[in-house]
Amino acid sequence: MEVSWEQSVTYSINAIYLLFSAYLVFVMQIGFAMICAGSVRAKNATNIMLTNVVDAVVGSISFYLFGFAFAYGNSNPFIGTNFFALAYIPYENYDYGFFLYQWAFAIAVAGITSGSIAERTQFTAYLVFSFFLTGFVYPVVAHWVWSSSGWLCPSSSDLFLGSGAIDFAGSGVVHLVGAIAGLWGSIMEGPRVGRFDAYGKPVPLRGHSATLVVLGTFLLWFGWFGFNPGSFDRILVAYPGTLGEGNWTSVGRTAVTTTLAGSSAGIITLFGRRLLIGHWDAMDVCNGLLGGFVAITSGCSVVEPWAAILCGFVAAWVLIGLNILALKMNYDDPLEAAQLHGGCGTWGLLFTGLFAKEEFVVQAYNSGVAVKRPYGLLLGGGWGLIGAQVVEILVIFAWVSATMGSMFYILHKLEILRIPLDDELAGLDISIHGGSAYAQEDNHPRSYQDYMRIQSNQS
């Protein structure tokens with residue numbers, strides 16, 4: 001079929017928009033790497049940076065070979081069975097740009113999990129879980145919610161509970177999946193040496209660079225403008241019966257709700273933690289900010305800006321509360337990834353079921369064509385949407401627990417999950433990567449004992 005010049009221009013602009021969004025989401029990998037490096041001790045900086053690289057390169061191959069097919073093959077409601085190794089791509093609505101955008105999402109999931117098990121995991125285990133998570137576990141969930149043939153998809157011809165689950169950019173599909181995987185990995189490994197004393201009381205093991213954490217947070221904020229607004233896929237879609245409105249309008253509003261939710265959560269965390277610990281903590285504020293972003297990711301396209309502020313407000317307290325609970329349970333997560341991405345992701349899904357606006361739901365999922373469908377419960381939209389959101393939370397927890405929980409258990413039994421005690425105490429950079437991440441002069445003291453030894457040699 002011959003394509004008109006106007007259609008060619010539209011296709012080109014939409015393709016450029018999606019590719020640019022993919023590049024922004026990939027920038028988030030840099031943000032993840034910076035936050036991870038700053039949140040661990042200096043003796044493990046090389047290790048955590050390398051795991052972030054591994055998440056990208058291993059995830060690229062696994063998602064290319066299997067993941068994209070499992071996620072977007074159109075064969076059945078549970079899992080896709082075509083498009084392996086991008087066979088038959090381009091195909092209808094799927095092209096190489098779409099693959100690249102979805103790949104950037106897939107490798108982000110593994111990055112979340114890596115943070116939960118940082119500073120004590122064998123490198124081989126990273127290779128195994130990264131391939132399995134991005135190539136199979138995550139794609140199946142993505143198929144349920146984002147593929148047009150998925151059983152939870154809000155764009156399906158047979159809507160679950162008459163609604164489908166609205167998880168626009170992945171509070172559940174991306175963040176909750178990565179968090180549950182990290183939760184099981186951390187449980188199987190146990191806490192880092194020295195994280196809790198003999199009486200079970202927590203001992204601070206602070207990250208070595210607040211500078212890297214803040215830099216990473218801003219990079220993630222920047223990338224989130226591709227993560228959330230970019231999930232429209234196309235920007236040149238006009239809404240019928242409106243004066244100059246289209247996806248470009250919704251894209252702008254989505255960027256605003258993303259910003260407001262993150263900012264609200266950051267402010268509440270700033271003052272909330274000040275009341276609890278007595279000082280202003282940069283790392284806590286950065287995590288609070290990210291918690292707001294995670295929470296709004298589900299409903300960013302379907303809620304009003306005022307609701308986004310409320311979303312961030314609650315997300316901050318969810319994160320603060322879960323961090324307190326984690327310490328009481330002797331649970332150790334160096335980046336608070338399970339609490340942040342899991343707790344705030346869960347709240348984000350529920351928030352969408354409560355506050356999604358009917359007009360925005362129609363715009364996001366029916367291109368503005370007037371249809372009747374469920375929306376936020378507190379706005380009078382009935383129980384259909386909130387019911388679907390709860391089901392998504394439950395099935396994600398069950399699926400990831402069954403798959404990743406089993407995989408981490410097997411790695412544990414094979415004794416290829418946790419690093420040996422001596423290597424952990426020395427630091428993974430020295431024990432398995434050949435040296436420290438930071439070059440230091442031979443005569444530079446690394447401890448008080450080093451300082452005294454140098455002083456005695458000079459005298």
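**View 1. Pro90 and its cis peptide bond.** Pro90 sits in the loop that runs between helix 2 (45-72) and helix 3 (96-116). The thing to look for is the link to the residue before: Ile89 and Pro90 are joined by a cis peptide bond. Its omega comes out at about 5 degrees. Keep in mind, here and in every view below, that this is a predicted model.

**View 2. Glu119, a non-glycine with positive phi.** Move along to the loop between helix 3 and helix 4 (123-146), and you'll find Glu119. Glu119 isn't a glycine, yet its phi is positive, at about 75 degrees. Is Glu119 buried or exposed? With a relative accessible area of 1%, Glu119 is buried, since anything under 20% gets that label.

**View 3. Leu161, also with positive phi.** This close-up shows the loop between helix 4 and helix 5 (171-189), where Leu161 lies. Leu161 is not a glycine, but it has a positive phi of about 55 degrees. As for its surroundings, Leu161 has 47% relative accessibility, so it counts as partly exposed.

**View 4. Helix 6 passing helix 7.** Here are helix 6 (residues 210-227) and helix 7 (residues 247-277), whose axes come within 9 Å. The two axes cross at roughly 145 degrees, and the crossing is right-handed. Which residues meet here? From helix 6 come Trp221, Trp224 and Phe225, and they meet Ala255, Thr258, Thr259 and Ser263 of helix 7. Sorted by class, this contact has four nonpolar residues, three polar ones and no charged ones.

**View 5. Helix 8 against helix 10.** Next up is the pair made by helix 8 (residues 282-296) and helix 10 (residues 337-355), with axes that come within 7 Å of each other. They cross at roughly 40 degrees, so helix 8 and helix 10 are oblique to each other. This crossing is right-handed. On the helix 8 side, look for Asn287, Leu290, Gly291, Val294, Ala295 and Ile296. Their partners in helix 10 are Leu340, His341, Cys344, Gly345, Trp347, Gly348 and Phe351. In this contact, eight residues are nonpolar, five are polar and none is charged.

**View 6. Tyr375 and the residues around it.** Tyr375 belongs to the loop between helix 11 (358-366) and helix 12 (384-413). Why does Tyr375 count as buried? Its relative accessibility is 15%, and the cut-off for buried is under 20%. Leaving aside residues up to four places away in sequence, Tyr375 touches Gly353, Ala356, Lys357, Glu358 and Val361, and also Gly380, Gly381, Gly382 and Leu385. To get a feel for distance, find Ser186 too: Tyr375 and Ser186 are 189 residues apart in sequence, and their C-alpha atoms are 37 Å apart in space.

**View 7. Stepping back to the whole chain.** How many helices and strands does the chain have? There are 15 helices and zero strands. Along the principal axes, the C-alpha atoms fill a box of roughly 85 × 50 × 40 Å. A compact globule of 459 residues would have a radius of gyration near 23 Å, and the chain's own 23 Å agrees with that. Of the 459 residues, 55% count as buried. Among contacts with a separation of 6 or more, 75% come from residues 24 or more positions apart.

Terms used. Residues are numbered from 1 along each chain as its sequence is written. This is a predicted model: local features need pLDDT of at least 70, side-chain atom pairs count only at pLDDT 80 or more; totals for chains, interfaces and linings use all residues. Side-chain values use heavy atoms; hydrogens and water are left out. Axes are lines fitted to C-alpha atoms, for helices over the stretch in contact, and angles run from 0 to 180 degrees between N-to-C directions. Helices (H or I, at least four residues) and strands (E, at least two) are DSSP runs, numbered from the N terminus. Angles under 35 degrees count as roughly parallel, over 145 as roughly antiparallel, 65 to 115 as roughly perpendicular and the rest as oblique. A crossing is left-handed if the near helix is turned anticlockwise from the far one by less than a right angle, and right-handed if clockwise. Contact means heavy atoms within 4.5 Å. Ala, Val, Leu, Ile, Met, Phe, Trp, Tyr, Cys and Pro count as nonpolar, Asp, Glu, Lys and Arg as charged, and the others, Gly among them, as polar. The radius of gyration is taken over C-alpha atoms; the globule rule is 2.2 Å times the number of residues to the power 0.38. Buried means under 20% relative accessible area, exposed over 50%, partly exposed in between (1.4 Å probe, protein chains only).
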